[in-house]
Amino acid sequence: MLMYVYMGISMFFCGLIMFSLKRKHLLLMLLSMELMVLALFFIMFLYLGTLGNDYFFSMIFLTFSVCEGALGLSILVSMIRTHGNDYFQSFNLLW
């Protein structure tokens, strides 16, 4: 059981490192954020399973993470349509 918790924590920190290293591309940042959300879901699922509680909260968390992913992809599509790519250096956010 403890091995799975360590695996979830290492998944979260791998996503955090990827988020900080790949900050030039929006798509890679979104993928690393989804990895962090998936790791949090995995840890929460293990925690709720250990306590013997209901898994209803994990379904709410999964619903919100899917909405977050859809919102991120819609922002990515709108940025690619207006600027042509997903580089942060190619457009000015103040305009």
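Visitor: What makes the protein chain differ from a compact globule of 95 residues?
Guide: The radius of gyration is 16 Å for the protein chain, whereas a compact globule of 95 residues would come in near 12 Å. That radius is taken over C-alpha atoms, and the globule rule is 2.2 Å times the number of residues to the power 0.38. The C-alpha trace spans about 50 × 25 × 15 Å along its principal axes.

Visitor: And what sort of model is this?
Guide: It's a predicted model, where local features need pLDDT of at least 70, side-chain atom pairs count only at pLDDT 80 or more, and totals for chains, interfaces and linings use all residues. Residues are numbered from 1 along each chain as its sequence is written, and side-chain values use heavy atoms, with hydrogens and water left out.

Visitor: Why is the pattern written α-α-α?
Guide: Helices (H or I, at least four residues) and strands (E, at least two) are DSSP runs, numbered from the N terminus. The protein chain has three helices and zero strands, and reading along the sequence gives α-α-α.

Visitor: Why is Ser65 called buried?
Guide: Buried means under 20% relative accessible area, exposed over 50%, and partly exposed in between (1.4 Å probe, protein chains only). Ser65 has 10% relative accessibility, so it counts as buried. Across the protein chain, 22% of the 95 residues are buried.

Visitor: What does Ser65 touch, leaving aside neighbours within four places in sequence?
Guide: Ser65 sits in helix 3 (residues 56–83), and its partners are Glu34 and Val37. Contact here means heavy atoms within 4.5 Å.

Visitor: What does the side chain of Ser65 reach at 2.8 Å?
Guide: That's the backbone oxygen of Leu62. A polar contact is a pair of N or O atoms within 3.5 Å; within protein, one must be able to donate a hydrogen and the other to accept it, and residues adjacent in sequence count only if both atoms are side-chain atoms.

Visitor: How do you know whether Ser58 is buried or exposed?
Guide: Check its relative accessibility: Ser58 has 1%, so it counts as buried. Ser58 is also in helix 3, and, leaving aside neighbours within four places in sequence, it contacts Phe41, Met44, Phe45 and Leu48.

Visitor: Why does Phe12 count as partly exposed?
Guide: Phe12 comes out at 23% relative accessibility, so partly exposed is its class. Phe12 belongs to helix 1 (residues 2–21). Setting aside neighbours within four places in sequence, Phe12 is in contact with Met36, Ala39 and Leu40. Its C-alpha atom is 6.9 Å from that of Leu35, 23 residues apart along the chain.

Visitor: How many contacts join residues at least 24 apart?
Guide: The figure is 55% of the contacts in the protein chain between residues at least 6 apart in sequence.
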